[in-house]
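Q: I am in my first year and would like a close look at a single part of this molecule, namely one helix and the places where it packs. Please take me through that part slowly, and then show me how the rest of the chain is laid out around it.

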Amino acid sequence: MYDYDLLVLGSGPSGQKAAIAAAKLGRRVGIVDRRDMIGGVCINTGTVPSKTLREAVLYLTGLSQRDLYGSSYRVKEEITVGDLAARTQHVINRQTDVIRNQLARNRVALITGTGRFADPHSIWVDGGSGHESKITFDKVVIAAGTRPARPDSVDFDDRTIVDSDGVINLQAVPRSMVVVGAGVIGMEYASMFAALGTKVTVVERRDAMLDFCDEEIVESLKYHLRDLSVTFRFGEEVAAVEKHQTAALCILKSGKKIVADTVMYSAGRQGQTDNLALDAAGLEADKRGRIAVDEHYRTSVEHIYAVGDVIGFPALASTSMEQGRMAALHACGEPVRELQELQPIGIYTIPEISFVGKTEEELTNSATPFEVGIARYRELARGQIVGDSYGMLKLLVSPQDGRLLGVHVFGTGATEIVHIGQTVMGCGGTVDYLIDTVFNYPTLSEAYKVAALDAANKIRNITRIDG
């Protein structure tokens, strides 16, 4: 007789959903995590704090209203870290309460502490008192998450030189900042601090940023960030960072030197598996701390599952939630449908980006014919009302049957309205559906009708000439 039918290691998005899904099926479920990390990295240092920080920045700087009220418009003249932290901590506290309530309501036992495997069917839990307790289980889901990768050559001090977890705890808004790495996290923070008035320099060893996104939209983002005085150094690598009394000196391999109050490294993430004693369970992780799984999120040990960031790509809170739920269903012997192939990507830069489906480059490389339909926010009444003159929505449409092949959005509400296109694509809808649909007026969603008409008119002109 085991203590639990299913035990979950980690209370982030994937761990929560796994625990609750199993509890709904009547299983005895426990979830293990540290007292100060309920909700995982997502709630405490990652997704939720960074997106809350973004909202605070947008509100306090008045940035999104400057098209209406002038370039000097601000809600608050001197923005402090305290202003930003107050909103962030409020949301973290509320979300932590919600998670505790959900777990309690579903009778999931919350076990406070850190766990490590004792053998394939039990773990030792250290609650911080110096005494370890042993817990047994029939099946287990590893949802340990990740932490920022820290290069050994860099002397992080969490004040001058920080990673993406530490940046939300800065003591003051820096006057200047170097962001090392132009990935999603790096660009999100670069845009936030640039909006606050920080002079930001982005250093990226590759020749481009966000190369999985639509090229036109990435160019639009670069234009807006340059307008906020962001400097890009592509094809460059940081050789060394020297800490001085009042600032840091970044020395690039090319010989360039950049002085900044703060240097933030965004060098990918590392699976938090080094303290799990995986070998005691017959498992091992790769050099980035990730665990290999099959299509059911089962590891090489049949009764042990792994989900979320700890298994690698796509490492998103949204996909992690589904992985946790599906792993729990499979572990409980329930039928499981496959994860939908159409998964949206949301990038919370300022302005934000979201897309679903294929990019122009992918369609071109696969020799798939397509037509482009574009709607610009400045053409929409709602775009004028919210003061967004730069936003755009792009539809990639098959000229043969009118199916949507890709939806790409840039600007206000991008991560929200992308789901309209995702739903149409998932249900096999065509551009004609969007043309014949009535959208609320005035809304940003009307962009779908405008873009659909644009694409349909182009297809009609080609058909008229080409037959």
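A: This is a predicted model, and a good place to begin in it is helix α3, which spans residues 47-61 and whose axis comes within 9 Å of the axis of helix α5, residues 81-105, the two crossing at roughly 135°. That angle makes α3 oblique to α5. The handedness can be stated as well, for α3 passes α5 in a right-handed crossing. On the α3 side the contact is made by V48, P49, T52, L53, E55, A56, V57, Y59 and L60, and on the α5 side by D83, L84, R87, T88, V91 and I92. Sorted by character, the residues of this contact of α3 with α5 divide into 10 nonpolar, 2 polar and 3 charged.

Helix α3 also packs against α6, and here the angle is about 25°, with the axes 9 Å apart. Such an angle makes α3 roughly parallel to α6, and α3 passes α6 in a left-handed crossing. The residues of α3 that take part are S50, K51, L53, R54, V57 and T61, and they meet E188, Y189, M192 and A195 of α6. In this contact of α3 with α6 the residues divide into 5 nonpolar, 2 polar and 3 charged. L53 and V57 are worth finding in the picture, since both are listed in the contact with α5 and both are listed again in the contact with α6.

From α3 we can follow its partner α6 onward to a sheet. Helix α6, residues 184-195, lies across β9, β10 (199-204), β11 and β15, and runs at about 165° to β10. Those strands belong to an open sheet of 5 strands, arranged in the order β8-β15-β9-β10-β11 with parallel pairing. At its edges are β8 (161-163) and β11 (231-234), each of which pairs on one side only, and from one strand to the next the twist averages 20°. Within this sheet, strand β9 (residues 176-180) and strand β15 (residues 262-265) pair in the parallel sense over 4 bridges, and V180 stands opposite Y265 in β15.

It helps to place these pieces in the wider division of the chain, which consists of domain 1 (4-147 + 270-332), domain 2 (161-267) and domain 3 (351-466). The C-alpha centres of domain 1 and domain 2 lie 27 Å apart, and 17 residues of domain 1 are in contact with 14 residues of domain 2.

A second open sheet, also of 5 strands, has the order β18-β19-β22-β21-β20, and its pairing is antiparallel. Its edges are β18 (345-347) and β20 (371-376), which have a single partner strand each, so one side of each is left without a neighbour in the sheet. The twist in this sheet averages 10° from one strand to the next. Between β18 and strand β19 (residues 353-357), which run antiparallel, there are 3 bridges, and the bridge partner of G346 in β19 is S354. Helix α7 (residues 215-227) packs on this sheet, where it touches β19, β20, β21 (392-397) and β22 (404-410), and its direction makes about 5° with that of β22. Helix α11 (residues 414-426) lies across β18, β19, β21 and β22, and runs at about 175° to β22.

Finally, a few details of the backbone deserve a careful look. Most residues other than glycine have a negative phi, and most peptide bonds are trans. A cis peptide bond, with omega about 0°, joins F313 and P314, and P314 is found in the loop between β17 (304-306) and α8 (317-331). Another cis peptide bond joins Y441 and P442, with omega about -5°, and P442 has its place in the loop between α12 (431-436) and α13 (447-466). D158, although it is not a glycine, has a positive phi of about 60°, and this residue sits in the loop between β7 (146-148) and β8.

Terms used: Residues numbered from 1 in each chain as written. Predicted model: local features only at pLDDT ≥ 70, side-chain atom pairs only at ≥ 80, totals over all residues. Heavy atoms only, no water. Axes fitted to C-alpha atoms, helices over the stretch in contact; angles between N-to-C directions. Parallel < 35°, antiparallel > 145°, perpendicular 65-115°, else oblique. Left-handed = near helix turned anticlockwise from the far one by under 90°. Contact = heavy atoms within 4.5 Å. Nonpolar A, V, L, I, M, F, W, Y, C, P; charged D, E, K, R; others polar. Pairing = 2+ DSSP bridges. Domains from an automatic or database assignment.
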